[in-house]
Structure formats: C-alpha cells, structure tokens
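Pull up the model and turn it around for a moment before reading on. We'll take a walk through it, one part at a time.

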Amino acid sequence: MRLVLLGAPGSGKGTQATRLKEHLQVPHISTGDLLRAEVAAGSKLGLEAKAVMDAGNLVSDEILLGMLEDRFSRPDTAGGFILDGYPRNLAQADAMDALLKKIGQPMDFAVQLEVPIELLVERIAGRAAEQGRKDDSPEAVRTRLKVYDEVTAPVIEYYRQHGRLTVVDGVGSLDEVFTRIIEALEPAPTVG
C-alpha cells in the first residue's frame, strides 16, 4: 500500500505514521528525515541540498523529487510506503504522481487527519511548553496553521478530485485514531 499522510502540524501524522509502518509493514518516509540522511551521507543530491540550505533557502522540488525517486527505488518500498511531509503544494503533488506513474507505483490513498484548529493550537502550545520553546505562542501557531491550510488546501482537493482522499477524524486517543485510519484503508469484510 502506498499512501500519503496529510495533516496540519500537531495533527498526529508522525505518531500515526510510526504505527502504520508496523501494521502495514512498509517504510515510513519523512521528507525531513530523508533530507537530513542524504546531507549526512554526502550524496550528490545531499550536497546540493546542503548548499541550498546553508544559503538560507528552501530545497527545490526538483532536489526533493530526486531524493524521493532514489528512495522509492530501494527494495523495501516494493510493497509500498507511507509518505509524510510531502507533497506540500499542488506542484509537488502533480510531480510526485508523475514520478510514481513512471516507476509503476501509483498512489493508493491520501489520508487527511482532520483536527479542529483550537485543538491543534492547544497540542502545539502544550508540546512547546514541555520543550521550553518560546516561538510556539498560540498566535504564532494560529498563523502557521493558516498558512499550512492555504498551501495544502489545493493538495487535499487534488486528491479528492482523483478519488484518492480519505478524511479521518484525528480527535481522540492514539488507538481510536489509528483504528479509524485502518478502517478507512481496509475494506470491511462482506457477510455472506
């Protein structure tokens, strides 16, 4: 199974991706982790990315897509993968679909974890307080969430139009949310 996890910061994507990885027996691919690993390994794309980041710029879609293509070519992705942190915009969604089509591994589902904004603010502010971070004030978090929503809304609509979007209620215990995701991905058995 090949799926993309979508959700605002604080929606629980990372936590649920870890659980899904175990359940589905496929790798969890976080573009942030992938980027750090490529830079640490000193690969050609990693060195390009490091130069861009050292200059204070965002890594281009082309570099990220190259890293993903390399990652998707590894044997552990033959049975699928869980992608977290990508695509973040419409151009990335389109480019990734073209890449997956080219390598014969089309996306199965995009799972959007839906959590009300006030709960997201509460979760992130609580996490920030635990970690002693001052930059995650409720106002700053609301601004980040608004930007996230504006940028990813077209991605969500893209997957909806392609019939691959599954929206899951992200409110509740970790187990409740995980169960909802699994139920959304696996068809109910037919009684007969």
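A word on residue classes before we start: Ala, Val, Leu, Ile, Met, Phe, Trp, Tyr, Cys and Pro count here as nonpolar, Asp, Glu, Lys and Arg as charged, and the others, Gly among them, as polar. Keep in mind, too, that what you're looking at is a predicted model.

Let's begin with the sheet. Five strands make an open sheet with parallel pairing, in the order S2-S3-S1-S4-S5. At its edges sit S2 and S5, each of which pairs on one side only. From one strand to the next, the twist averages 25°.

Now zoom in on S1, residues 2-6. Is this strand enclosed or not, and why? Buried here means under 20% relative accessible area. Five of the five residues of S1 are buried, so the strand is largely enclosed by the rest of the structure. In a regular strand, side chains alternate between the two faces of the sheet. In S1, both faces are covered: Leu-3 and Leu-5 are buried on one side, and Arg-2, Val-4 and Leu-6 are buried on the other.

S1 has a parallel partner in S3 (residues 81-84), joined to it by four bridges. Look for Leu-5 there, standing opposite Asp-84 in S3. S1 also pairs with S4 (residues 109-114), again in the parallel sense and over four bridges. Val-4 has Ala-110 of S4 as its bridge partner. Moving out to the edge strand S2, you'll find three bridges pairing it with S3 in the parallel sense. His-28 stands opposite Ile-82 of S3.

The other edge strand, S5, spans residues 165-169 and holds Thr-166. Is Thr-166 buried or exposed? Its relative accessible area is 13%, so Thr-166 is buried. Setting aside neighbours within four places in sequence, Thr-166 is in contact with Phe-109, Ala-110, Val-111, Gln-112 and Ala-184. Ala-110 should ring a bell, as the bridge partner of Val-4.

Next, the open spaces. Rolling a probe the size of a water molecule over the atoms shows where empty space is left. The largest pocket holds about 880 Å³ of space. Its lining takes in 29 residues, and those nearest the centre are Thr-31, Gly-32, Gly-85, Tyr-86 and Arg-88. Which elements each supply at least two residues of this lining? They are S1 and the helices H1 (13-24), H2 (31-41), H4 (61-72) and H7 (138-161). Sorted by class, the lining of the largest pocket has 12 nonpolar, 12 polar and five charged residues.

The second largest pocket has a volume of about 220 Å³. It is lined by 14 residues, with Ala-8, Val-115, Leu-120, Tyr-148 and Asp-149 closest to its centre. S4, H6 (117-131) and H7 are the elements that give two or more residues to this lining. H7 gives the most, with five residues. Using the classes from the start, the lining of the second largest pocket has eight nonpolar, four polar and two charged residues.

H7 has another role to look at: it packs with H5 (residues 90-102) at an angle of about 35°, their axes 8 Å apart. On the H5 side, the contact is made by Leu-90, Ala-93, Asp-94, Met-96 and Asp-97, and on the H7 side by Pro-154, Val-155, Tyr-158 and Tyr-159. By class, this contact of H5 with H7 has seven nonpolar, no polar and two charged residues.

Back to helix H4 for a moment, where you'll find Leu-64. Leu-64 has 11% relative accessibility, so it counts as buried. Not counting residues up to four places away in sequence, Leu-64 touches Thr-31, Leu-35, Val-59, Tyr-86 and Gln-92. Two of these, Thr-31 and Tyr-86, are among the residues nearest the centre of the largest pocket.

One last stop, for the backbone. Most residues other than glycine have a negative phi. Gln-25, though, has a positive phi, near 60°. Gln-25 lies in the loop between H1 and S2. With a relative accessible area of 63%, Gln-25 is exposed.

Note on methods: Residues are numbered from 1 along each chain as its sequence is written. This is a predicted model: local features need pLDDT of at least 70, side-chain atom pairs count only at pLDDT 80 or more; totals for chains, interfaces and linings use all residues. Side-chain values use heavy atoms; hydrogens and water are left out. Buried means under 20% relative accessible area, exposed over 50%, partly exposed in between (1.4 Å probe, protein chains only). Two strands pair if DSSP finds at least two bridges between them. On a 1 Å grid over the protein atoms alone, a cavity is a set of points where a 1.4 Å probe fits but cannot get out, and a pocket is an open set with protein on both sides within 12 Å along at least five of seven lines; lining residues have an atom within 4 Å of a point. Grid points are joined across faces, edges and corners, and a volume is the space filled by probe spheres set on the points. Axes are lines fitted to C-alpha atoms, for helices over the stretch in contact, and angles run from 0 to 180 degrees between N-to-C directions. Contact means heavy atoms within 4.5 Å.
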